[in-house]
Amino acid sequence: YTEALLSTLRHYPMGEFSERYRRVGELGIPVTAIWGTEDKVVPYLGAEGMASDVPQLQLITLTGGDHNITYTRPHEVAAAILAALPADR
């Protein structure tokens, strides 16, 4: 765990994401984000910025969800992922 955390701190872009989000927005590809409103690691407030930079964003909000939604709310996350996949999968 410690090595993974250190790797994240060393290599993950912790700053402003707008430029990256805008690039994705310009691609026009479908984008889905699943975000918990109580995430303290990547605060939900960032969803507003993402939505303004990525017009095609489908934001799925898990009210009360924290950063570990894949563990604490797996059924909702899985349903959101399946809903976001193309129908012809």
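1. In this predicted model, Asp-53 and Arg-22 are joined by a salt bridge whose closest N and O atoms are 3.7 Å apart. Because Asp-53 belongs to helix 3 and Arg-22 to helix 2, the pair ties together parts that are 31 residues apart in sequence. The two partners are placed in unlike surroundings: Asp-53 counts as buried because its relative accessibility is 12%, under the 20% limit, whereas Arg-22 is partly exposed, with a relative accessible area of 38%.

2. A further salt bridge links Glu-19 to Arg-23, with 3.5 Å between the closest N and O atoms. Both residues lie in helix 2 (residues 18-27), four residues apart, which is about one turn of the helix. Glu-19 is partly exposed at a relative accessible area of 42%. Arg-23, at 52%, passes the 50% limit and is therefore classed as exposed.

3. The charged residues of points 1 and 2 should be read jointly. Salt bridges with shared partners connect Glu-19, Arg-22, Arg-23 and Asp-53 into one network. As a general remark, side chains of opposite charge can pair when their charged atoms come close.

4. How many salt bridges does a search of the whole structure find? The search finds five. Among them is the one between Glu-76 and Arg-73, whose side chains meet at 2.7 Å, N to O. Glu-76 is partly exposed, its relative accessible area being 36%.

5. Turning to the nonpolar residues, the largest nonpolar core comprises eight residues: Tyr-21, Val-31, Ala-33, Trp-35, Ala-47, Met-50, Val-54 and Leu-57. Two elements give two or more residues to this core, namely strand 1 (31-36) and helix 3 (46-53). Strand 1 gives the most, with three residues.

6. Val-54, one of the residues of this core, merits a separate entry. Setting aside residues up to four places away in sequence, Val-54 touches Tyr-21, Val-24, Gly-25 and Val-31. Of these contacts, Tyr-21 and Val-31 are also listed in the largest nonpolar core.

7. Two aromatic pairs are found in a search of the whole structure. Phe-17 and Tyr-21 form a stacked pair, with 5.7 Å centre to centre and 20° between the planes. Phe-17 is partly exposed, at a relative accessible area of 21%, while its partner Tyr-21 is a member of the largest nonpolar core.

8. Why is the pair of Trp-35 and Tyr-44 edge-to-face? The ring centres are 6.3 Å apart and the planes stand at 80°, so the pair falls in the edge-to-face class, which requires an angle over 60 degrees. Trp-35 is buried, with a relative accessible area of 8%, and is listed in the largest nonpolar core. Tyr-44 is partly exposed, with a relative accessible area of 25%.

9. Is Ala-83 buried or exposed? At 57% relative accessibility, Ala-83 counts as exposed. Ala-83 is found in helix 5 (residues 74-84). Its C-alpha atom is separated by 9.7 Å from that of Thr-32, although the two residues are 51 residues apart along the chain.

Note on methods
Residues numbered from 1 in each chain as written. Predicted model: local features only at pLDDT ≥ 70, side-chain atom pairs only at ≥ 80, totals over all residues. Heavy atoms only, no water. Core = buried A, V, L, I, M, F, W, Y, C linked by side-chain atoms within 4.5 Å. Buried < 20%, exposed > 50% of the residue type's maximum accessible area, 1.4 Å probe, protein only. Contact = heavy atoms within 4.5 Å. Phe/Tyr/Trp six-rings, centres within 6.5 Å; stacked < 30°, edge-to-face > 60°. Salt bridge = Lys/Arg side-chain N within 4 Å of Asp/Glu carboxyl O.
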